[in-house]
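This report looks at selected salt bridges, one helix, one sheet and one surface patch, and it is meant to be read with the structure in view.

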Amino acid sequence: MRKRVAVIGGGVAGLAAAVRIRDQAPADTEIIVYEQSGRLGGKLRTGDIAGTQVERGAESMLMSSPDGGESAAIRFARRLGLGDSLVHPAAIPAALAIGGKLERVPAGTLVGVPGDLSTLGAVATPKAGADRDEGRPLLAEGEDIAVGELVRARYGAEVADRLVDPMLGGVYAGRADRLSLATTMPALARTARTEHTLAGAVRAAQAASVRAPGRPIFASLAGGMSSLIGAAAAASGARISLGLPVRELQRTAHGWRLLLGPVPMPQTDDVDAVVLAVPASPAARMLAGIDLSAAAEVEVLGYASVALAAFALPPGTELPELSGFLVPPGEGTLVKAATFFTRKWSHLATGDGPVIVRVSLGRDGEQERLQYDDSVLAATAHAELGRLLDTELPQPTASWVQRWGGGLPQYAPGHLDRVALARAALNDHPGLALAGAAFDGVGVPACVASGEKAADDVLKYLEKR
């Protein structure tokens, strides 16, 4: 009998799940992707400014996995026939904006956590007596703490505030003092359970990470990151349902029933299995009717709101010889990062074309600072960018603002345990699998791997039916 699988959520995790099911399930398996918004892709969205493609969401993806192989995202891109479209950023450094100066990001850090305090230069001064060996591992087995708590205790406030906080903030838009070490830096969490110093733990984590010689760290796609979405939707062969939210899941004698659409005019769809690949709040709402304990573990996850602004500056506008810079929260700016887009991604640059700069605005807890219209946000970002660069920037010939309200998960310490408890609770409800950034981490590789793992779980269930 033909099987039907619903994938709820049309971001890259949900689409990765759909492609995996298409590849491995019987050919007559029906896959339906439900996306409540009017478009697929989630945080992967490519826009245009002054004739140049600029990402309105995730800018790139990691090339490698910790074991030295290609990341799940790169394997996925190749599976979709996009291997020849992979492009890489120029090998130029980034900086930190500190006290009116741009200081190069120290080499050899692990997401900003240094393994050698002598390399910090003018960026930060470690506390006196930093990182003494106290004769025991930094963390107990199974322990999880905030990244900032560990760095402050071992290296001092300046290293945490000026280096680690902006580096983590660039990925998560969160604060190091509230982000889980085990979730955001799992390799460091593992070595911290055996090493007696933080520098030793960083070096051990770096040594355990296998790098393929000559392989770049990051990649994007010549057609923009959105091309991954279009290719995945086509390869999945799924029926795509846009603008029809799934409000509720119900267990039935033969599988699952989805309640769809507005309350006054409900629709239903009966399927054999479900991949739930949506943010925490809608996931918790749907899980509440199935298992309250699973819903409670998911619901605690918070999110940060951010915005992006892009500026097309006149051709020839001079910028520092950098790929961009990060801004520590202590500088007080709404701008937390800037990318010199056409310099970093040289395949986009033309001799007589505009100079494109993209800035990221807002951190966790700063939602109110984003509550202005687009023109005010763009003007603020442009003015702050000029001050941070210590120059009077020309007015842009074009600009846009992209908002991501509640866009980035904030993984508090204990996140992995909460996800494990939620998934364990769902063992009593086979045929339902969780996927996406709400559970398994941000970044395209993490989301792809999460979607594929959820698909594998669903496929095993379907094989037994």
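A residue is called buried when its relative accessible area is under 20%, exposed when that area is over 50%, and partly exposed in between. Because its relative accessible area is 36%, Arg 79 counts as partly exposed. The model is a predicted one, and every value below is computed from it.

**Salt bridges**

Side chains of opposite charge can pair when their charged atoms come close. Across the whole structure, a search finds 25 salt bridges, and three of these pairs are set out in the table, each with the distance between its closest N and O atoms.

| Pair | Closest N and O atoms | Separation in sequence |
|---|---|---|
| Arg 2 and Glu 30 | 3.3 Å | 28 residues |
| Arg 4 and Glu 30 | 2.9 Å | 26 residues |
| Arg 79 and Asp 23 | 2.8 Å | 56 residues |

What lies at the two ends of the pair formed by Arg 79 and Asp 23? Arg 79 belongs to helix α2 (residues 72-79) and Asp 23 to helix α1 (residues 12-24), so the salt bridge ties together parts of the chain that are 56 residues apart in sequence. Asp 23, with a relative accessibility of 40%, is partly exposed, and Arg 79, at 36%, is partly exposed as well.

Glu 30 takes part in a salt bridge with Arg 2 and in another with Arg 4. Glu 30 sits in strand β2 (residues 30-35), whereas Arg 2 is found in the segment before β1 (4-8), and the pair therefore links distant parts of the chain. Arg 4, for its part, lies in strand β1, and its pairing with Glu 30 in strand β2 again connects distant parts of the chain.

Are these three side chains buried or exposed, or do they fall in between? Glu 30 is buried, at a relative accessible area of 19%, and Arg 4 is buried too, at 16%, while Arg 2 is partly exposed, at 46%. The pairs made by Glu 30 also belong to a network of salt bridges in which Arg 2, Arg 4, Glu 30, Arg 239 and Asp 269 are linked.

**The sheet that holds Asp 269**

Asp 269, a member of that network, is located in strand β15, where it is the bridge partner of Leu 258. Strand β14 (residues 255-260) is joined to β15 by five bridges, and the two run antiparallel. Together with β13 they make up an open sheet of three strands, in the order β13-β14-β15, with antiparallel pairing. The edge strands, each of which pairs on one side only, are β13 (246-252) and β15 (267-271). From one strand to the next, the twist averages 20°.

**Helix α2 and its surroundings**

Helix α2, which carries Arg 79, has Ala 72, Ala 73, Ile 74, Phe 76 and Ala 77 as its buried residues. Among the elements that cover these buried residues are α1, β5 (61-62), β6 (86-87), β11, α8 (226-236) and α15 (444-464). After α2 comes Gly 81, which has a positive phi, near 80°.

**A nonpolar surface patch**

Strand β11 (residues 218-221), one of the elements that cover α2, contains Phe 218. Together with Leu 62 and Ile 217, Phe 218 makes a nonpolar surface patch of about 260 Å². Phe 218 is partly exposed, since its relative accessible area is 37%.

Methods. Residues numbered from 1 in each chain as written. Predicted model: local features only at pLDDT ≥ 70, side-chain atom pairs only at ≥ 80, totals over all residues. Heavy atoms only, no water. Patch = residues over 30% accessible without salt bridge, like charges linked within 9 Å, V, L, I, M, F, W, Y side chains within 5 Å. Areas by Shrake-Rupley, 256 points an atom, 1.4 Å probe, with all protein chains shown as cover. Salt bridge = Lys/Arg side-chain N within 4 Å of Asp/Glu carboxyl O. Helix = DSSP H or I, 4+ residues; strand = E, 2+ residues; numbered from the N terminus. Buried < 20%, exposed > 50% of the residue type's maximum accessible area, 1.4 Å probe, protein only. Pairing = 2+ DSSP bridges. Axes fitted to C-alpha atoms, helices over the stretch in contact; angles between N-to-C directions. Contact = heavy atoms within 4.5 Å.
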